[in-house]
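Biologist: Please show me the model, and let us go through the terms that are used to describe it.

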Amino acid sequence: MLSLGVFIDDAIAASVSAYAANQQAASARPAPAGTSAEEAPGREDLFGVLGVLGHELRNPLAPLATAVQVLKASPGDRGAVERASAMMDRQVKVMTRLVDDILDLPRLARS
């Protein structure tokens with residue numbers, strides 16, 4: 001049985017993938033009249049992208065921090081340790097997918 005956390009993890013990864021595809025499509029559009037090719041993305045877009053990426057990378061950190069606290073608070077509780085370990089494993093996988101997607105963005109922009 002899949003837990004809610006797995007669905008949330010998959011939804012986050014899908015949203016980052018959709019964002020990357022949207023950015024690729026946006027970079028293929030011509031620049032608006034009166035702007036140079038260098039100015040087309042704009043500084044606001046860059047800060048917006050960085051804000052979204054920062055937010056998406058920060059999301060898995062809260063459950064990881066909680067799991068660490070659970071592990072510290074109940075080292076002898078095998079069930080709590082197993083649940084915390086599973087949560088940490090899921091969140092590390094989410095962060096790995098996010099970083100992989102981020103690293104794919106320059107490759108997508110060049111193609």
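Biologist: How many salt bridges are counted here, and what makes a pair of side chains a salt bridge?

Modeller: The count comes to 2 salt bridges. The term requires a side-chain nitrogen of Lys or Arg within 4 Å of a carboxyl oxygen of Asp or Glu. This is a predicted model, in which local features need pLDDT of at least 70 and side-chain atom pairs count only at pLDDT 80 or more, while totals for chains, interfaces and linings use all residues. Residues are numbered from 1 along each chain as its sequence is written, and side-chain values use heavy atoms, with hydrogens and water left out.

Biologist: Why is the contact of R78 and E82 called a salt bridge?

Modeller: The N to O distance between the side chains of R78 and E82 is 3.2 Å; the limit is 4 Å, so the pair qualifies. Both residues lie in helix α4 (residues 78-110), 4 residues apart, about one turn of the helix. A helix here is a DSSP run of H or I with at least four residues, numbered from the N terminus.

Biologist: What makes R78 exposed, and what is E82 called?

Modeller: Buried means under 20% relative accessible area, exposed over 50%, and partly exposed in between (1.4 Å probe, protein chains only). R78 has 65% relative accessibility and therefore counts as exposed. E82 has 45%, so E82 counts as partly exposed.

Biologist: How do you know that D89 and K93 form a salt bridge?

Modeller: The closest N and O atoms of D89 and K93 are 3.2 Å apart, and the pair is therefore inside the cut-off of 4 Å. D89 and K93 also lie in helix α4, 4 residues apart, about one turn of the helix. With 41% relative accessibility, D89 counts as partly exposed; K93, at 49%, counts as partly exposed too.

Biologist: How much of the chain counts as buried?

Modeller: Of its 111 residues, 18% count as buried.

Biologist: What secondary structure does the chain have?

Modeller: The chain has 4 helices and 0 strands, with the order α-α-α-α from the N terminus on.

Biologist: Which of the elements has the highest mean pLDDT, and which the lowest?

Modeller: pLDDT is the predictor's confidence in each residue, from 0 to 100. Helix α3 (residues 61-73) has the highest mean, 90, and helix α1 (residues 4-28) the lowest, 65. The chain averages 76, and 65% of the residues score at least 70.

Terms used: Helices (H or I, at least four residues) and strands (E, at least two) are DSSP runs, numbered from the N terminus.
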